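Work through the exercises below with the sequence and the structure open beside you. Try each task before reading its solution.

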There are 2 protein chains.
Amino acid sequence: MLVNGAPGSSINAEDRGLSYGDGVFRTLRMQAGRPVCWERQFAKLQRDCSALKIPCPSALVLSSELQQLGKTQPDGVAKIVITRGVSGRGYAPSPQAEATRIVNLTPFTAYPFDYAKQGVRVHVCKVRLGHQMLLAGIKHLNRLENVLAASEWQDQDMPEGVLSDISGFVISGTRSNLFMLRGNILYTPNLARCGVAGVQRDRVMDWAKQHGVTCKVADFHMEELVQADEIFLVNSVFGLWPVRELADYRRVQHPVAWKIQEWLVDESH
Amino acid sequence: MLVNGAPGSSINAEDRGLSYGDGVFRTLRMQAGRPVCWERQFAKLQRDCSALKIPCPSALVLSSELQQLGKTQPDGVAKIVITRGVSGRGYAPSPQAEATRIVNLTPFTAYPFDYAKQGVRVHVCKVRLGHQMLLAGIKHLNRLENVLAASEWQDQDMPEGVLSDISGFVISGTRSNLFMLRGNILYTPNLARCGVAGVQRDRVMDWAKQHGVTCKVADFHMEELVQADEIFLVNSVFGLWPVRELADYRRVQHPVAWKIQEWLVDESH
């Protein structure tokens, strides 16, 4: 782990990242010592920092730190945390605070192969996401809703849960974005009021564009989701998991999800 | 500062308090080396930990740590942070994680005497608090909404801002609870959907009970607030500030607020 560029494993206990969750983060795959989909990951980090008016470190600084860590752990999962830095008490950010930068690399633990091929069983979370348009889409450090949601079930055979918002609209997995296919149209939840808009969500939307498939960002309920022809979840660590079981929904074939899954493996997309 | 009982100023960078804001905190006054209103403060801490299923340290451990710090700084502001502890990636709390306990004491900087007597000018925040019933009332570490609100204005002559929620109901100050007096009735916002229910809010409600004044927890809008006979803000650091200016509202006399202010000074209440 590197903290502000130096090897270390601790941060100042008065960091605003701890005090208020005043920061953003990214989780991404490292392969052959390089961050996967780095340009897209950095663009999201920059956009999220900008939304909170936190100065974002340069792409060069971050990617060289990732590659430095990648020398001893070429295949892993990287996490980048950027906080507004250290300040005394008080919510108002001090103009003097300098952003804190944490770059960490941990081993990648492969998921069962079945998850990607046959698909996963998915828990339906009881926790409902609240609405906050100013924070929607941002991968910020205020993640108690996700913690509460992920605490709901322990079943080893259910590696993800699906979250709805307080209006009853489906939003995402607890750590992934969600798509459903109905007929020839892909749908992904509208994240204008809550949720995190991840890199893989953008890539799936790009797949649709390149393949002449309509992809709509929409508000839809769980009742509509379980009527889908296919459902799948995406994130930057596990890639794409088709859903084989979710409430009353059951599928064993995932032809479109499998195609997208294969396309996503090619980092140049 | 004490981190898990030992002098220190840093925490593990993989603490869930930083990663997810997975923890709670309290800010309180120390006087003559002792935590003020300690029983009430500890009861809130315990209730908030319990709401998030974080094991709460004992009152004895925390109060002795506060008193240890109080020896060198008898008059100050203490902050207690309890997080779910260190864990690897993943929102689901690990059952092995041991709570992290941070106890910090900083000097108390007195506010201008005028704030308490003549009252304060208050900013009307544009940020609207989102609803999350599972977290409402809890002083947890997911405080980005407060950070955004406190970033809205810099005017030195406006030491607080008042926050409404996405439904347009008045909720609180950015770091204080709010009361309004209309006729003989006190009103304080309903915190069932958002906001933090602080120790001084409870004490003001106790004042009302002891003095035969009706105090109602209610949903009301800014338009109703500015019609009030008196408005005041309370927290454990500044005590009670009457509001002298808030949008169209102007008052120079605050007879009831002054009475409550005096009553609050006596810690035994």
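## Exercise 1: A sheet in chain B

In this predicted model, strand E4 (residues 23–31) of chain B pairs with strand E6 (residues 76–83) of chain B in the antiparallel sense over 8 bridges. Find the bridge partner of Met30(B) in E6(B), then place both strands in their sheet and name the strands at its edges.

Solution.

Step 1. Start at Met30(B) and look across to E6(B): the bridge partner is Gly76(B).

Step 2. Follow the strands sideways. The order is E2-E1-E7-E6-E4-E5 in chain B, an open sheet of 6 strands with antiparallel pairing.

Step 3. Look at the two ends of that order. Strand E2 (6–7) and strand E5 (34–35) of chain B each have a single partner strand, so one side of each is left without a neighbour in the sheet.

Step 4. Recall how such pairs are held: strands of a sheet pair through backbone hydrogen bonds.

## Exercise 2: The surroundings of E7(B)

Describe the partners of E7(B) and decide whether this strand is largely enclosed or not.

Solution.

Step 1. Take the pairing with E6(B), which is antiparallel and has 8 bridges. Thr83(B) stands opposite Thr100(B) of E7(B) here.

Step 2. Take the pairing with E1(B), again antiparallel, with 2 bridges. In E7(B), Val103(B) is the residue opposite Leu2(B).

Step 3. Count the buried residues, using the cut-off of 20 or more other C-beta atoms within 10 Å. In E7(B) 6 of the 8 residues are buried, so the strand is largely enclosed by the rest of the structure.

## Exercise 3: Helices on the sheet

Which strands of chain B does helix H2 (residues 38–51) of chain B lie across, and which does helix H3 (residues 59–70) of chain B touch?

Solution.

Step 1. Helix H2 of chain B lies across E4, E5 and E6 of chain B. Its direction makes an angle of about 175° with E4(B).

Step 2. Helix H3 of chain B packs on the sheet and touches strand E1 (2–3), E4, E5, E6 and strand E7 (100–107) of chain B. The angle between the directions of H3 and E7(B) is about 30°.

## Exercise 4: Chain A as a whole

Decide how compact chain A is for a globular protein of its length, and state how it is divided into domains.

Solution.

Step 1. List the elements: chain A has 8 helices and 16 strands.

Step 2. Compare the radius of gyration with the rule. The value is 19 Å, close to the 18 Å that the globule rule gives for 269 residues, so chain A is as compact as a globular protein of that length.

Step 3. Add the burial: 51% of the 269 residues in chain A are buried.

Step 4. Divide the chain. Domain 1 of chain A covers 2–107 and domain 2 covers 113–265. Their C-alpha centres lie 25 Å apart.

Step 5. Examine the contact between them, to which domain 1 of chain A gives 17 residues and domain 2 of chain A gives 9 residues. On the domain 1 side, strand E4 (23–31) and helix H2 (38–51) of chain A each give two or more residues. The largest share of that side, 7 residues, comes from E4(A). The side divides into 7 nonpolar, 5 polar and 5 charged residues.

## Exercise 5: Where the chains meet

Which element gives the most residues to the side of chain A that touches chain B?

Solution.

Step 1. Note the size of the contact: 43 residues come from chain A and 43 residues from chain B.

Step 2. Check the elements that supply at least two residues on the chain A side, among them strand E3 (10–12), helix H1 (16–20) and helix H5 (144–150) of chain A.

Step 3. H5(A) gives the most, with 6 residues.

Step 4. Sort the chain A side by type: 20 residues are nonpolar, 16 polar and 7 charged.

Step 5. Look for pairing between the chains. E3(A) and strand E3 (residues 10–12) of chain B run antiparallel and are joined by 3 bridges. Asn12(A) stands opposite Ser10(B) in E3(B).

## Exercise 6: Positive phi

Where in chain B does Ala247(B) lie, and is this residue buried or partly exposed?

Solution.

Step 1. Recall the usual case: most residues other than glycine have a negative phi.

Step 2. Phi of Ala247(B) is near 50°, a positive value.

Step 3. Ala247(B) is in the loop between strand E15 (239–246) and strand E16 (249–250) of chain B.

Step 4. Ala247(B) has 13 C-beta neighbours inside 10 Å and therefore counts as partly exposed.

Methods
Residues numbered from 1 in each chain as written. Chains lettered and ligands numbered in written order. Predicted model: local features only at pLDDT ≥ 70, side-chain atom pairs only at ≥ 80, totals over all residues. Domains from an automatic or database assignment. Contact = placed C-beta atoms within 7 Å. Helix = DSSP H or I, 4+ residues; strand = E, 2+ residues; numbered from the N terminus. Nonpolar A, V, L, I, M, F, W, Y, C, P; charged D, E, K, R; others polar. Rg over C-alpha atoms; globule rule 2.2 N^0.38 Å. Buried ≥ 20, exposed ≤ 12 C-beta atoms within 10 Å, placed from the backbone. Pairing = 2+ DSSP bridges. Axes fitted to C-alpha atoms, helices over the stretch in contact; angles between N-to-C directions.
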